[in-house]
Amino acid sequence: MSVIDTIVEAVAPRENERTHQEARTKAKAVADSGDWLSLILEHHELIEAAFAAVKSAGAAPTRTAAQKVLAVLLTGHANAEESVIYPALTRVAGKGYATEAYSEQATAKTEMAALETLAPMSPEYLQKLEHIRDAVAHHVYQEESTWFLALKANASAPEQITLARRYKEEFDRYVGGDAESASTEVANPESSSENAEGITTQHRVPEPSERRELPLA
Ligand SMILES: [Fe+2]
């Protein structure tokens, strides 16, 4: 974290855990079973558990495996929001929320790439991890307390159905259609296996020849 980041955080403290939980409870009350918002809330909780698994890992290989699970979940989730949810947010609430959302997720991707360059058991790694976790928590809070409530309240019923289908489609395209296995890995990072290139076999991105053809219409 830069000196400027530290000063900014000191004068503008983030919302606390209780505020986060209150926002989540409210968002869950607004979500319908199986809709786009309930899927996103599930994925937010999965991402939080993945951050905790990285932090609690006791050895470098375990931490590196947990970091890969976290990176896949974060990227799959961010890609789906950026392709489907934020454009819809722009339609119902203007560019303001979505512009901030895109910017924050771009920063998270940049910081996750920087994390990969650090020694996994070093203090610098843990400091960077905590900085990313805090930034993602703030981003999630904005989504759950304001941005997504606006989308839920203002999108038409047919659009809500399309958002759920398209969000899931984009998330599955990257994560591999099996968030349950990610859940298992978050709980037990040792369960993931790596190939010779160090890519987890459960969450690698399919080769172009392996990807299913999608209808164009
Ligand atoms: Fe999100």
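Two residues count as in contact if their C-beta atoms, placed from the backbone, lie within 7 Å. This is a predicted model, so local features need pLDDT of at least 70 and side-chain atom pairs count only at pLDDT 80 or more, while totals for chains, interfaces and linings use all residues. Residues are numbered from 1 along each chain as its sequence is written.

**Exercise 1.** Work out what share of contacts between residues at least 6 apart in sequence join residues at least 24 apart.

*Solution.* Take the contacts in the protein between residues at least 6 apart: 69% of them join residues at least 24 apart.

**Exercise 2.** Find the helices that feed the largest nonpolar core, and say which gives the most.

*Solution.* Start with the terms. A nonpolar core is a set of buried Ala, Val, Leu, Ile, Met, Phe, Trp, Tyr and Cys residues joined through C-beta atoms within 7 Å. Buried means 20 or more other C-beta atoms within 10 Å of a residue's own, with C-beta atoms placed from the backbone. Helices are DSSP runs (H or I, at least four residues), numbered from the N terminus.

Next, the core: it has 42 residues, and Ala50, Leu70, Leu73, Ile85, Leu89 and Tyr167 have the most contacts inside it. Two or more residues come from each of α3 (36-56), α4 (60-93), α5 (95-115), α6 (123-154) and α7 (157-175). The top giver is α4, with 14 residues.

**Exercise 3.** Describe how α2 packs on α6.

*Solution.* Fit axes to C-alpha atoms over the stretch in contact, and take angles from 0 to 180 degrees between N-to-C directions. Helix α2 (residues 17-30) meets α6 at about 30°, with the axes 10 Å apart. That makes the pair roughly parallel, a label for angles under 35 degrees. On the α2 side, the contact includes His20 and Ala23; on the α6 side, Tyr141 and Phe148 are among the partners.

How values were computed:
A residue is buried if 20 or more other C-beta atoms lie within 10 Å of its own, exposed if 12 or fewer, and partly exposed in between; C-beta atoms are placed from the backbone. Angles under 35 degrees count as roughly parallel, over 145 as roughly antiparallel, 65 to 115 as roughly perpendicular and the rest as oblique.
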